[in-house]
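Below are my notes on the model you sent, set out as numbered points. They run from the whole chain down to single residues.

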Amino acid sequence: MTSIALPRRLVGPRVAGRFWRGLGIGLLAGLLLGMLAAAVLSTVVLQAHRDRVLPGVSVGGVALDGLTRAEAAARLEAHLPSISDGQLVLRAGETERVVGYAEVGRRYEHEPMLDAAFAAGRSGNALEAGLARLRMLANGAPLPVAVHAHDGWTVENIAREVASAASRD
């Protein structure tokens with residue numbers, strides 16, 4: 001009868017060390033390639049939308065991605081609900097005056113909304129802006145509306161008129 005002696009370990013320590021080193025190098029190379037691909041994608045998105053709103057940007061639920069400034073302004077004007085409807089009631093004693101919101105200057109502030117839409121994904125250093133663009137592609141970038149509540153001097157003048165009429169009564 002013949003017997004064969006087998007080593008206790010089939011894989012020696014040198015082979016195991018090479019395996020882990022190769023795995024580490026592979027993971028590092030994959031990570032670097034992924035970061036390079038993300039940077040290239042972010043740059044391509046930015047260059048493709050040089051004078052346009054970046055993908056995923058919306059203001060008050062109105063999608064603006066891919067539009068020029070003039071097109072975005074027109075879309076906001078067409079799709080945002082009116083905020084000049086409604087009334088303001090001023091009372092002083094028995095005197096009452098009903099004033100429409102449009103009369104006191106209630107309106108959307110289109111320029112700040114457009115500025116914010118065009119700044120989304122373009123501000124900060126290159127790394128921050130690149131990450132913001134990738135986040136916008138994945139999750140979108142909803143922005144709030146900007147509203148000019150009233151013209152202070154108009155409300156003040158109307159209040160003076162109401163107070164003056166109340167003092168005469």
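1. Accessible areas here come from the Shrake-Rupley method with a 1.4 Å probe. By that method the chain exposes about 11,600 Å², and carbon and sulfur atoms supply 61% of this area. Please keep in mind throughout that this is a predicted model.

2. Overall dimensions. The radius of gyration of the chain is 32 Å, whereas a compact globule of 169 residues would have a value near 15 Å. Along the principal axes, the C-alpha atoms fill a box of roughly 125 × 35 × 25 Å.

3. Burial and contact range. Buried residues make up 24% of the 169 in the chain; the cut-off for buried is under 20% relative accessible area. If one takes the contacts between residues at least 6 apart in sequence, 61% of them join residues at least 24 apart.

4. Secondary structure. The chain has 5 helices and 7 strands. In sequence order the pattern reads α-β-β-α-β-β-β-α-α-β-β-α.

5. Sheet. Three strands form an open sheet with the order 2-1-6 and mixed pairing. Its edges are strand 2 (62-63) and strand 6 (141-143), each of which pairs on one side only. Strand 1, residues 57-59, pairs with strand 2 in the antiparallel sense over 2 bridges. Where in strand 2 is the bridge partner of Val59? That partner is Val62.

6. Main core. Nonpolar side chains tend to be buried together in soluble globular proteins. In this model the largest nonpolar core has 20 residues, and Val57, Leu64 and Leu76 are those with the most contacts inside it. At least two residues of this core come from each of strand 1, helix 2 (69-79) and helix 3 (110-119). Helix 3 gives the largest share, 4 residues.

7. Leu76. Which residues does Leu76 touch, not counting those up to four places away in sequence? The partners are Val59, Val62, Leu64, His110, Met113 and Leu114. Two of these names recur from the sheet: Val59 and Val62 are bridge partners. Leu64, like Leu76 itself, is listed with the residues that have the most contacts inside the main core. His110, Met113 and Leu114 fall within the span of helix 3 (110-119), and Leu76 within that of helix 2 (69-79).

8. Second core. There is also a separate core of 5 residues, which includes Leu90, Val99, Val104 and Ile158. I would list this core apart from the 20-residue one in any description of the model.

Definitions and conventions: Residues are numbered from 1 along each chain as its sequence is written. This is a predicted model: local features need pLDDT of at least 70, side-chain atom pairs count only at pLDDT 80 or more; totals for chains, interfaces and linings use all residues. Side-chain values use heavy atoms; hydrogens and water are left out. Two strands pair if DSSP finds at least two bridges between them. A nonpolar core is a set of buried Ala, Val, Leu, Ile, Met, Phe, Trp, Tyr and Cys residues joined through side-chain atoms within 4.5 Å. Buried means under 20% relative accessible area, exposed over 50%, partly exposed in between (1.4 Å probe, protein chains only). Contact means heavy atoms within 4.5 Å. The radius of gyration is taken over C-alpha atoms; the globule rule is 2.2 Å times the number of residues to the power 0.38.
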